[in-house]
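User: I would like a close look at one part of this model. Please start from a single residue and work outward to the fold around that residue.

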Amino acid sequence: RMGYGIREELLTLVKLKGVGRARARLLYNSSIKDIGDLKKVPLDSLAKLVGPQVANSLMEQVTA
């Protein structure tokens with residue numbers, strides 16, 4: 001937690017490649033609180049939040 005400078009609730013999201021403190025907070029505030037929630041989100045909705053390239057990368061990471 002100290003290494004990232006974030007609150008504990010964001011730690012699972014920050015472990016994903018391409019997600020830092022700011023993106024993790026954006027996802028968390030959009031009701032995506034963990035990997036399970038991320039798997040349920042449609043790709044187009046996720047792309048609107050974080051951009052298409054990052055959304056594709058995140059989906060590859062959580063489905064692998």
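Is Gln53 buried or exposed, and what is its relative accessible area?

Analyst: Gln53 is exposed, with a relative accessible area of 70%. The cut-off for exposed is over 50%, so Gln53 qualifies. Keep in mind that this is a predicted model. Gln53 sits in helix H5, which runs over residues 52-63.

What lies across from Gln53? Take Gly18. The two residues are 35 apart along the chain, and their C-alpha atoms are separated by 9.7 Å. Gly18 belongs to the loop between H1 and H2. At 39% relative accessibility, Gly18 is partly exposed. That value falls between the 20% and 50% limits, hence the label.

Gly18 has contacts beyond its sequence neighbours. Leaving out residues within four places in sequence, Gly18 touches Arg23 and Val54. A second distance runs from Gly18 to Val62. Those two are 44 residues apart along the chain, with C-alpha atoms 13 Å from each other.

Now walk along that loop. Val19 follows, and its contacts are worth listing. With neighbours within four places set aside, Val19 is in contact with Leu13, Val14, Ala24, Leu27 and Leu58. Gly20 lies in the loop between H1 and H2 as well. Gly20 counts as partly exposed, at 33% relative accessibility. From Gly20 to Leu58 the C-alpha separation is 12 Å, with their positions 38 residues apart along the chain.

Next comes helix H2. Arg21 has its place there. Arg21 is exposed, because its relative accessible area of 52% passes the 50% cut-off. Look from Arg21 to Gln61: the C-alpha atoms are 18 Å apart, and the residues are 40 apart along the chain.

Val19 also leads inward, to the nonpolar core. The largest core has 18 residues. The members that touch the most others are Val19, Leu27, Leu38, Leu46, Val50 and Leu58. At least two core residues come from each of helix H1 (11-14), helix H2 (21-29), helix H4 (43-50) and helix H5 (52-63). H5 contributes the most, with five residues. The helix that carries exposed Gln53 is thus also the largest supplier of this core. In soluble globular proteins, nonpolar side chains tend to be buried together.

One backbone feature deserves a stop. Ser31 is in the loop between H2 and helix H3 (35-40). The phi of Ser31 is near 70 degrees, a positive value in a residue other than glycine. Most residues other than glycine have a negative phi. Ser31 is exposed too, with a relative accessible area of 52%.

Step back to the whole chain. There are five helices and zero strands. In sequence order the pattern is α-α-α-α-α. The radius of gyration is 11 Å, close to the 11 Å that the globule rule gives for 64 residues, so the chain is as compact as a globular protein of that length. Along the principal axes, the C-alpha atoms fill a box of roughly 30 × 20 × 20 Å.

Burial and surface complete the view. Of the 64 residues, 30% count as buried. The accessible surface comes to about 4,300 Å². Carbon and sulfur atoms account for 51% of that surface. The chain has 11 positive and 6 negative charges, and the mean positions of the two sets are 5 Å apart. As for contacts between residues at least 6 apart in sequence, 21% join residues at least 24 apart.

Back to the starting point. Gln53 is exposed on helix H5. Gly18, in the H1 to H2 loop, has its C-alpha atom 9.7 Å from that of Gln53. Val19 is in contact with Leu58, among others, and both are among the core members that touch the most others.

Definitions and conventions:
Residues are numbered from 1 along each chain as its sequence is written. This is a predicted model: local features need pLDDT of at least 70, side-chain atom pairs count only at pLDDT 80 or more; totals for chains, interfaces and linings use all residues. Side-chain values use heavy atoms; hydrogens and water are left out. Helices (H or I, at least four residues) and strands (E, at least two) are DSSP runs, numbered from the N terminus. The radius of gyration is taken over C-alpha atoms; the globule rule is 2.2 Å times the number of residues to the power 0.38. Buried means under 20% relative accessible area, exposed over 50%, partly exposed in between (1.4 Å probe, protein chains only). Contact means heavy atoms within 4.5 Å. Accessible areas come from the Shrake-Rupley method with a 1.4 Å probe; for residues, only the protein chains shown count as cover. Lys and Arg count as positive and Asp and Glu as negative; His and the chain ends are not counted. The place of a charge is taken as NZ of Lys, CZ of Arg, CG of Asp or CD of Glu. A nonpolar core is a set of buried Ala, Val, Leu, Ile, Met, Phe, Trp, Tyr and Cys residues joined through side-chain atoms within 4.5 Å.
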